[in-house]
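This report describes salt bridges and strand pairing in one protein chain. The sequence and structure come first, followed by the findings.

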Amino acid sequence: MDFNMKKLASDAGIFFTRAMQFTEEKFGQAEKTELDAHFENLLARADSTKNWTEKILRQTEVLLQPNPSARVEEFLYEKLDRKVPSRVTNGELLAQYMAEAASELGPTTPYGKTLTKVADAEKHLGAAERDFIHTASINFLTPLRNFLEGDWKTISKERRLLQNRRLDLDACKARLKKAKAAEAKATTMPDFQETRPRNYILSASASALWNDEVDKAEQELRVAQTEFDRQAEVTRLLLEGISSTHVNHLRCLHEFIESQTTYYAQCYRHMLDLQKQLGRFPGTFVGTTEPASPPLSSTSPTTAAATMPVGPPVAGLAPPGEAALRLEEVAPPASGTRKARVLYDYEAADSSELALLADELITVYSLPGMDPDWLIGERGNKKGKVPVTYLELLS
């Protein structure tokens, strides 16, 4: 019990000394040991890394899960070391509603068929979103969170310890300075004619006492300096490790971008397939079998015909009722052909389109009157329409 009380009293004394030193520094009444410029730069770099990592982590969590209630729930499950329950994505929920609507409204009607196809596409989009969230959480969010909850806590702990060692060092410097000043005052030779011998003896005794106090203060200063230097080196090594943290976060950022690219590429392919499927259903976008009334316009038929672009018809682009020119009979223009690299595999919807394989090179060109989203592609003796979004134009 006596040992505990002594330790408690010692800790209280150290805390009081540090508090006094810190207060005097704030009021400019005590000197403060300054760290070198390189060390200060390391501290500023570490603080900046920590602050921006927190912001990136929070905003990425918002990107992956916009619902704040769901984020709070996932946070609580993680703190309780429990598995986060599987949650249906918005796309999957929409797919479920559309499938049920198609079943109830009539799966054989044009509207029902479209709902079924869209529901299937939304289901695939929801599954792709789920995979993206899972991959991004493991490859990007987890390393950032580990840095904040692991490495940064260690750095903060060592920085606080370094701050305490600096306060102890500066307190020892102040104590030694006061002891030397008191020793110098006590060793001043008294005037024997005006000073009693008894006072002279007391002055000599006080000088000896202050000499012992100076020796003690110097010893404490050496110990404090050693502990401060050792702690400064430990903290410096941890701060220099921030460079390794940046390298690790860079690798995680590349993985995040890769997973995000894969996710959006999957979404694009699913929606493109859906668009092709919807185009194959007759009357998909028609709510009635009756012909729609032509829009009212003040332009005369002659004027309208004069303003329409004129060009050779292309297979799949010819107006209804006119014979479409076969693509084999279409000659490429004398100038304007370009090379293009195929980005993704593409399955031709009909004989007028050209099937594509990823990374192959083809020759493409446009004809007057063509849809700007399509080009004519040639590969050997094969020719057909190709979507521009699947190509990377080279020259």
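## Strand pairing and salt bridges

In strand E5, the bridge partner of Ala340 is Leu393. The coordinates belong to a predicted model. Ala340 also stands opposite Ile362 in strand E2. Strand E1 and strand E5 pair in the antiparallel sense, over three bridges. Strand E1 is likewise joined to strand E2 (residues 361-365) by four bridges, and these two strands run antiparallel as well.

A salt bridge accompanies the pairing of E1 with E5. Glu392 and Arg341 form this salt bridge, with their closest N and O atoms 2.6 Å apart. Glu392 belongs to strand E5 (residues 391-393) and Arg341 to strand E1 (residues 338-342), so the contact links parts of the chain that are 51 residues apart. Glu392 counts as partly exposed at 33% relative accessibility, and Arg341 counts as partly exposed at 27%. Arg341, Asp359 and Glu392 are joined into one network by salt bridges that share partners.

Side chains of opposite charge can pair when their charged atoms come close. Over the whole structure, a search finds 13 salt bridges. Three of them are set out below.

| Salt bridge | Closest N to O | Separation in sequence |
|---|---|---|
| Asp36 and Arg236 | 3.2 Å | 200 residues |
| Glu227 and Arg165 | 3.7 Å | 62 residues |
| Glu392 and Arg341 | 2.6 Å | 51 residues |

The other two pairs in the table both involve helix H6. In one, the side chains of Asp36 and Arg236 meet at 3.2 Å, N to O. Asp36 sits in the loop between helix H1 (2-26) and helix H2 (37-64), while Arg236 is in helix H6 (residues 197-240), and the pair thereby links distant parts of the chain. Asp36 is partly exposed, its relative accessible area being 37%.

In the other, Glu227 forms a salt bridge with Arg165, and the closest N and O atoms are 3.7 Å apart. Because Glu227 lies in helix H6 and Arg165 in helix H5 (residues 110-186), this pair ties together parts that are 62 residues apart in sequence. Where do these two side chains stand between buried and exposed? Glu227 is partly exposed at 31% relative accessibility, and Arg165 is partly exposed with a relative accessible area of 22%.

How values were computed
Residues numbered from 1 in each chain as written. Predicted model: local features only at pLDDT ≥ 70, side-chain atom pairs only at ≥ 80, totals over all residues. Heavy atoms only, no water. Salt bridge = Lys/Arg side-chain N within 4 Å of Asp/Glu carboxyl O. Buried < 20%, exposed > 50% of the residue type's maximum accessible area, 1.4 Å probe, protein only. Pairing = 2+ DSSP bridges.
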